[in-house]
Amino acid sequence: MNIVVLTGAGISAESGLRTFRDEGGLWAQHDIRDVATPEAFARNPDRVHGFYNARRAHAGRAEPNAAHRALAHLERRWTGAVDIVTQNVDDLHERGGSQSVLHMHGELTGALCARCGARWQAPAEMHPSDPCPACGEPATRPDIVWFGEMPYGMERIAALLSACDLFVSIGTSGHVYPAAGFVQQARALGAHTLELNLEASAGASLFHERRLGAATELIPKWVDELLTQG
Ligand code: BV8
């Protein structure tokens, strides 16, 4: 049985990383239009780099939690495939031991040249004046998918959804597309669908099954159950 796990900011909340739409979340402090769109970057690259420099620093200091580790344990012990598609830009899944992780909204550890498309490991702090290591232009940006931009790995995600028997959504509010539409795709393709979340998401009614609770309690319990059921 193949499992696809979609994760959102909620799985990293107990590692101390802020979510977006919860109380005191990132979008309570920053307007999306000022920090998470290509227009925002064109208008004020300094502010956008500042926003991602701060998040890169927080993510670098955060530790994976029991939920990240439980998913890595499942991947090692499960007979079928376990593929994580994450909306998160932190690297806590990888540091928690997961191998198959697809960052559909990019990664804080990645840098991209807006002019020539070169990619490299992001330094701790990025600034608009940094020259691209490939073309030399001062056009470096975080390798992050902003609103209005094409998410990464859409073909691979479509293949994963059509091959999966179980689609599990963890820690996402189900507001952002195309990620929020994956449950419908998976369901239409015959998968069983399960939502594990602190509270019911916007798409909760689309899932066959829902469990509510904090990720660090819910996920290890669910993984143990799955592995003992076999
Ligand atoms: C696209 C950047 C075309 C990275 C992000 C008009 C113009 C253009 C586009 C659109 C438009 N109208 C609609 C769209 C589409 C748009 C969209 O969906 N907008 C929404 C707001 C209506 N989407 C896009 O623009 C996407 N691109 O559409 O291109 C296209 C389409 C299809 C195919 C090809 C091309 C690009 C979307 C990516 C944007 N980038 N961020 C960054 O800065 O991090 S989105 C941002 O929101 C993050 O990436 C985040 O991943 C994402 C979703 O948020 P969540 O992860 O769900 O976090 P949230 O705070 O919302 O929820 C947390 C959840 O956790 C809650 O449910 C909470 O209960 C739970 N929780 C909290 N604590 C815990 C917990 N659960 C368990 N345990 C806990 N302890």
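Biologist: I'm looking at the ligand: which residue has a backbone N or O atom 2.7 Å from an oxygen atom of the ligand?

Modeller: That's Tyr-177. The idea is a polar contact, a pair of N or O atoms within 3.5 Å (within protein, one must be able to donate a hydrogen and the other to accept it, and residues adjacent in sequence count only if both atoms are side-chain atoms). Ala-9 does something along those lines, with a backbone N or O atom 2.8 Å from a ligand oxygen. On the nitrogen side, a polar backbone atom of Ala-215 sits 2.9 Å from a nitrogen atom of the ligand. Keep in mind that this is a predicted model, where local features need pLDDT of at least 70 and side-chain atom pairs count only at pLDDT 80 or more, while totals for chains, interfaces and linings use all residues. Residues are numbered from 1 along each chain as its sequence is written, and side-chain values use heavy atoms, with hydrogens and water left out.

Biologist: And which residues around the ligand come nearest?

Modeller: Near means having a heavy atom within 4 Å. Here 35 residues surround the ligand, and Phe-20, Arg-21, Gly-148, Thr-172 and Ser-173 come nearest.

Biologist: Thr-172 and Ser-173 caught my eye; which residue in the loop between strand 8 and strand 9 should I look at next?

Modeller: Try Ser-201, in the loop that leads from strand 8 to strand 9 (209-212). Contact means heavy atoms within 4.5 Å. Setting aside neighbours within four places in sequence, Ser-201 contacts Thr-172, Ser-173, Gly-174, Glu-195 and Phe-207. Ser-201 is also buried, at 11% relative accessible area; the scale is buried under 20%, exposed over 50%, partly exposed in between (1.4 Å probe, protein chains only).

Biologist: Why is strand 8 largely enclosed?

Modeller: Strand 8 (residues 192-197) has five of its six residues buried, so the rest of the structure largely encloses it. Strands (E, at least two residues) and helices (H or I, at least four) are DSSP runs, numbered from the N terminus. Two strands pair if DSSP finds at least two bridges between them. Strand 7 (residues 166-170) makes five with strand 8, in the parallel sense, and one of the partnerships is Leu-166 with His-192.

Biologist: How do I read the three-stranded sheet, and what is its order?

Modeller: This open sheet runs 5-4-6, with antiparallel pairing. Strand 5 (119-121) and strand 6 (140-144) are the edges, each pairing on one side only. From one strand to the next the twist averages 45 degrees. For angles, take lines fitted to C-alpha atoms (for helices, over the stretch in contact) and read 0 to 180 degrees between N-to-C directions. Strand 4 (residues 106-113) is joined to strand 5 by three bridges, and Gly-110 stands opposite Gln-121. Helix 4 (residues 45-61) packs on the sheet, touching strand 4 and strand 6, at about 50 degrees to the direction of strand 6.

Biologist: Is Asp-143 in strand 6 buried or exposed?

Modeller: Asp-143 is buried, at 9% relative accessibility. Its side chain makes a 2.4 Å polar contact with that of Tyr-152. Beyond its sequence neighbours within four places, Asp-143 contacts several residues, including Gly-106, Gly-110 and Arg-119.

Biologist: Last one: how many disulfides are there?

Modeller: Zero; a disulfide needs two cysteine sulfur atoms within 2.5 Å. The sulfur of Cys-132 is 3.7 Å from its closest cysteine sulfur, in Cys-113, which is too far for a bond. Cys-113 is buried at 2%, and Cys-132 is buried at 3%.
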